[in-house]
Amino acid sequence: MIGGIIFDNGGANAAIKSCLNAGSNNNTDLRFYTSYNYEVIERMRIDRNGNVGIGTTNPQYTLDVSGNSRFIQQILASGGIKGGACNFTNLTSTKNTYLATNGNKVGIGTTTTPSYTLDVSGNSR
C-alpha cells in the first residue's frame, strides 16, 4: 500500500487505499473496502487504465460488474447490448425502437405488453 484513508469504527472498518501492483512499473490501483462481520473486503477498484471494477479485482472494461445489477432508470447503449444469457423485463431504446419482453414474447415498436411471440407495431419487412 502506498497510502490510504482508514475509517475506523472500533474494528468495523472501511478504507480507500492506493496500492502498487506487484511486479509493475509504479502502476497503482485505487481500492475501496468495507467490512462485514469485522472482515474487511475489497468492493470496488479503479485500475491503472481507468477501468472500474465492482465485485471484481481485475476489471477488463470501463465498467466491469461481477454479480447482479439493478438499474432504476434507463440504460442508454449506443453500441448495442450483447451477452450470454440476457434476461430483460423491459428495455427501451432510442432511435424509435422499443423492445418489451413478457415471458417468451417480444414487442417491437410498442409500449404495451406483447401479446404474441413476436409482436410488431407498424410496418415490417
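Trainee: What makes β3 and strand β4 count as strands that pair?

Mentor: β3 and strand β4 (residues 39-46) share 7 bridges in the antiparallel sense, and because two strands pair if DSSP finds at least two bridges between them, β3 and β4 count as paired. The model is predicted, so to speak of local features asks for pLDDT of at least 70 and of side-chain atom pairs for 80 or more, while totals for chains, interfaces and linings use all residues. Residues are numbered from 1 along each chain as its sequence is written, and side-chain values use heavy atoms, leaving out hydrogens and water.

Trainee: Which residue in β4 stands opposite serine 35, and what lies between β3 and β4?

Mentor: Opposite serine 35 stands valine 40 in β4. Between β3 and β4 there are 2 residues, the two strands forming a hairpin, and asparagine 37 in the turn has a positive phi of about 50°.

Trainee: How do you know that strand β2 and strand β3 pair as well?

Mentor: Strand β2 (residues 14-20) and strand β3 (residues 28-36) are joined over 6 bridges in the antiparallel sense, which meets the requirement for a pair. Cysteine 19, for instance, has aspartate 29 in β3 as its bridge partner.

Trainee: Why is β5 called a strand, and which elements have the lowest and highest mean pLDDT?

Mentor: Strands are DSSP runs of E with at least two residues, numbered from the N terminus, so residues 52-54 qualify as β5. Strand β5 has the highest mean pLDDT (96) among the elements of the protein chain, whereas strand β7 (residues 90-93) has the lowest (54), on a scale of the predictor's confidence in each residue from 0 to 100. The protein chain averages 78, and 73% of the residues score at least 70.

Conventions
Helix = DSSP H or I, 4+ residues; strand = E, 2+ residues; numbered from the N terminus.
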